[in-house]
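Visitor: I would like to go through this model with you and ask, for each label, what it rests on.

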Amino acid sequence: MNKKKIFNDPVYGFVTIPTELLFDLIEHTYFQRLRRIQQLGLTMFVYPGALHTRFHHALGAMHLMTLALRTLKDKGVKISAREGEAAMAAILLHDIGHGPLSHALERSIFHDVHHEAVSLHLMRKLNAQFNGALDLAIAIFEGTYDRPFFHQLVSSQLDMDRLDYLNRDSFYTGVQEGRPGADRLIKMLTVVDERLVLEEKAVYSIENFLVSRRLMYWQVYLHKTVTSAEQMVIRIMQRARDLVRAGVEVPAAPNLHFFLSRHVTQQEFEHDDQVMRRFVRLDDTDVWGAVKLWADHPDKVLNYLAQSLLDRHLFKITLQAEPFDDEFQLGIVDLIAEHFCLPAHDAAQLMLTGRISNNAYDADGQDPIDVLTKSGRVVNVAEASDLPNIRAISQRVEKHYICYPKEIL
């Protein structure tokens, strides 16, 4: 069987699957599940075109990795065929541990179980099935391989993951200002002392990338309407979980019901094969099927939330720089209780509060974006730039939000 396939990607055009191992990984049931997990969760409520999946994104990130490796080889960096395949496998599988609706439900269905840790565990299970073929890919993913630039290509502040999701998400949302200029950035990559750097002439392209990333966060990922929808689906899952654990009958697909009924820890994910088997069968269709069922549930809070989400009758959301004071929040709860004839405890379930924050670049964090100057020095891009933009972008901006039903206004 010819496994060197070509697929047509709407963002990059024709993309090749370069090796048989990568083809077999894509064909595996763990990876095929990503077709049923949307990349941007509930962002479709604001941007109707945002219906692409984690499957799209993983293939796109692998394609950008092939371009980056080719650029580095052309500049004299020694990269073996084994290392190249391992780097592509690592980026291909980097999101394989995502749960339903991507980030939205990461902490409401599971408890302190992060998708990166689940991805690593699934990679180890795949490695056993493929007789150790992923040993090097796992070392690159974990950052333990002695050539750190490979890990930086997979996970850093300017990696193939970020370049693809910004490219792809801006394409599908139509937010053209979010395009990061990935082609030029990849062409400017090089390696110094086994660390990834960019040539000095890429400074303005890096600034464009960081500005694009900041814009995409505020305009797409942290859009206030998206935030409202995501908080509603989180509260739906929390309410269903609380009811199930209180002994109330809440219909759901068996695998979703399993996680709603149990406090599953990271340790159980890694040591109980039953938990992992249930997880890899869980996707967005389970969540939407449950929400449709719950719109008719006798619990007033659950059915109101579920029906509102189905109808896109989203909560009013207000943002401000400071936390909302307790008296204001109590007033909102009182209005909800009065309007819906609910006890205060249940009324509080229809008020959602929290905070969102964004900084496009952490100049003092791990794996900063380094620039090779014409004099041969390697410096942080914040020092290399003659514009104040990058330092300004590094400042964390935090906003507090409160969401509640529009009927109480």
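Visitor: Which residues form a positive surface patch?

Guide: The model is a predicted one, and in it Lys 224, Arg 312, Lys 316 and Lys 406 form a positive surface patch.

Visitor: Why does Lys 316 count as partly exposed?

Guide: Its relative accessibility is 32%, and since partly exposed covers the range between 20% and 50%, Lys 316 is therefore given that label. A patch residue must have over 30% relative accessible area, and the 32% of Lys 316 satisfies that condition.

Visitor: Where does Lys 316 lie, and which residue stands opposite Lys 316?

Guide: Lys 316 belongs to strand 5, residues 316-320, and Tyr 404 in strand 9 stands opposite Lys 316.

Visitor: What makes strand 5 and strand 9 a pair?

Guide: Pairing requires at least two bridges between two strands; strand 5 and strand 9, the latter spanning residues 397-404, have five bridges in the antiparallel sense, so they count as paired. Strand 6, residues 352-358, also pairs with strand 9 in the antiparallel sense, over seven bridges, and Ser 357 stands opposite Glu 398 of strand 9.

Visitor: How many salt bridges does the count come to, and why are Arg 239 and Asp 346 said to meet in one?

Guide: The count comes to 17 salt bridges. For Arg 239 and Asp 346 the N to O distance is 3.3 Å, and because the rule asks for a side-chain nitrogen of Lys or Arg within 4 Å of a carboxyl oxygen of Asp or Glu, the pair qualifies as a salt bridge. The pair links distant parts of the chain, with Arg 239 in helix 11 (residues 224-245) and Asp 346 in helix 18 (residues 344-347), 107 residues apart.

Visitor: Are the two partners, Arg 239 and Asp 346, buried or exposed?

Guide: Buried means under 20% relative accessible area; Arg 239 has 8% and therefore counts as buried, and Asp 346, at 18%, counts as buried too.

Visitor: What makes Arg 241 and Asp 242 a salt bridge, and why do their exposure labels read as they do?

Guide: Their side chains meet at 3.8 Å, N to O, which is within the 4 Å limit, so the contact counts as a salt bridge. Arg 241 is called buried because its relative accessibility is 12%, whereas Asp 242, at 41%, counts as partly exposed.

Visitor: How do you know that Arg 262 and Glu 268 form a salt bridge, and why are they called partly exposed?

Guide: The N to O distance is 2.7 Å, which lies within 4 Å and therefore meets the rule. Arg 262 is partly exposed because its relative accessible area is 28%, and Glu 268 is partly exposed because its value is 21%. Elsewhere, Asp 9, Asp 164 and Arg 168 are linked in a network of salt bridges.

Visitor: Why is Cys 341 called exposed, and what is its phi?

Guide: Exposed means over 50% relative accessible area, and Cys 341 has 63%, so the label exposed applies. Cys 341 has a positive phi of about 55 degrees although it is not a glycine, and its place is in the loop between helix 17 (326-340) and helix 18.

Visitor: Where is Glu 194 found, and why is it called partly exposed?

Guide: Glu 194 is found in the loop between strand 3 (189-192) and strand 4 (195-199), and it is partly exposed because its relative accessible area is 29%. Glu 194, although not a glycine, has a positive phi of about 65 degrees.

Technical notes
Residues are numbered from 1 along each chain as its sequence is written. This is a predicted model: local features need pLDDT of at least 70, side-chain atom pairs count only at pLDDT 80 or more; totals for chains, interfaces and linings use all residues. Side-chain values use heavy atoms; hydrogens and water are left out. Patches are made of residues with over 30% relative accessible area and no salt bridge: like charges are joined within 9 Å, nonpolar side chains (Val, Leu, Ile, Met, Phe, Trp, Tyr) within 5 Å. Accessible areas come from the Shrake-Rupley method with a 1.4 Å probe; for residues, only the protein chains shown count as cover. Lys and Arg count as positive and Asp and Glu as negative; His and the chain ends are not counted. The place of a charge is taken as NZ of Lys, CZ of Arg, CG of Asp or CD of Glu. Helices (H or I, at least four residues) and strands (E, at least two) are DSSP runs, numbered from the N terminus. Buried means under 20% relative accessible area, exposed over 50%, partly exposed in between (1.4 Å probe, protein chains only).
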